[in-house]
Structures are given as C-alpha cells and as structure tokens.
Amino acid sequence: HTTRPPREGEADGSHYWFIDETKMLELVREGAFIEVKAIHGATIYGTSVDAYKLVLNNGHRPLLVIDVQGEEEISRAVPALRPYFILPPSFDDWMDRLHSRGVITKEDKVNRMASARREIQTVSNNPAYILVVNDKVNQAAEEILSGKYDEKEQAKNKKLAKRLLEQLNAGTRA
C-alpha cells in the first residue's frame, strides 16, 4: 500500500494499492500492516498482513520489496530473514533511472538522496545483506530468487556501494 499517486502505467492492485493518507492511517491504527514507514519524508508505504497471507495461502514464498527500515522491522520478528539490497550499476545509471520516472522536484530528489545515503550506509555495515547489482533486471531477479550468492561478487558489490555512497556524499554525478 502507498499514499503516493500512481505513476504513468501503474495500476491499483497490481503495482501497489494506492490509498489516501486518511485510509492508510486508519489501517495503521487497526494493525493491518506487517511493516509501515514514511519514506522520503512524505509518502507512506506498508506491507499489509492480508496481502502477505494471500501470497502464503496461494502456496508461494513472499518476496517483499521494502526499504531498509521495513526490513529492520520485519527482521525483529523473523530473524532468519535473508535481506537483499539492490544497487544500480553506477551513479549515472541511477540518476538516469530516477529522472526517467518523470518529473521529480528538487525537494523530492534531495529527500530521496538522503534516504539512499542512510540505506547504503546501513546495508554496508550489516553483513546480513546480500548486495545485488540491477544491471539487467532478469539477471538480478534470478540471482535473488535463487537464494545463492558469490562471495567474490559480494566484495565487488560492496566496493560499488562504497563508491555510490562517496558520490552521494560529494553530491556529484562523477
């Protein structure tokens, strides 16, 4: 669930459940979420208990696409959780992807970069995270769904995370 409006091409019930803030807060008070957080300073995202149970009841293994704060919340209840963190292949690719989503305000970009800085710092200091570079979507998805990872690749991905963090801190596109 999210309180942000759908982007072009997104459909309610497929990409997210798009709801207004009043309804989201009502569901939060009712305890309807496994995890729920305000992201980038304005938008609320949450994983509903009902959606999670629906996946389990259909015989599937849930794959939650959540931020680091949500993962930390869930990990307290499910210590065996194996979190993955997806990195862009480079800072320039990352910025291109961000801007290709449509118009982004300067304030929104600043908030997103601050969130990204905190998240990359967190995962870089937490050995539980498996870092995956999303250069090719199918390859990244396969890597995540397989549950396997290579230590040499992880060392390379940690160096990439460090470079991304340095570029975020420098505020450059270099």
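**Fold, strands and exposure in a predicted model**

There are seven helices and four strands in the protein (DSSP runs numbered from the N terminus: helices are H or I with at least four residues, strands are E with at least two). This is a predicted model: local features need pLDDT of at least 70, side-chain atom pairs count only at pLDDT 80 or more, and totals for chains, interfaces and linings use all residues. Residues are numbered from 1 along each chain as its sequence is written, and side-chain values use heavy atoms, with hydrogens and water left out.

Trainee: In what pattern do the elements follow each other along the sequence?

Mentor: Helices and strands are mixed along the chain. Read along the sequence, the pattern is α-β-β-α-α-β-α-α-β-α-α.

Trainee: What radius of gyration does the protein have?

Mentor: The radius is taken over C-alpha atoms, and the globule rule is 2.2 Å times the number of residues to the power 0.38. With 174 residues, a compact globule would be near 16 Å. The protein agrees with that, at 17 Å.

Trainee: Is strand E2 largely enclosed or not, and how many of its residues are buried?

Mentor: Buried means under 20% relative accessible area, exposed over 50%, partly exposed in between (1.4 Å probe, protein chains only). Thr-43, Tyr-45 and Thr-47 point one way from E2, and Ile-44, Gly-46 and Ser-48 the other way. E2 (residues 43-48) is largely enclosed by the rest of the structure, because its buried residues number six of the six.

Trainee: Which residue of E2 is the bridge partner of Val-36?

Mentor: Strands pair if DSSP finds at least two bridges between them. E1 (residues 33-39) and E2 run antiparallel, joined by six bridges. In E2, the partner of Val-36 is Gly-46.

Trainee: Which residues of strand E3 are buried?

Mentor: In a regular strand the side chains alternate between the two faces of the sheet. E3 (residues 84-87) alternates too. Tyr-84 and Ile-86 point to one face and are not buried. Pointing to the other face, and buried, are Phe-85 and Leu-87.

Trainee: Which residue of E4 is the bridge partner of Leu-87?

Mentor: Four bridges join E3 to E4 (residues 130-133), and the two strands run parallel. In E4, the partner of Leu-87 is Val-133.

Trainee: Is Arg-29 buried or exposed?

Mentor: Arg-29 has its place in helix H1 (residues 21-29). Its C-alpha atom is separated by 29 Å from that of Phe-85, 56 residues apart along the chain. With a relative accessible area of 66%, Arg-29 is exposed.
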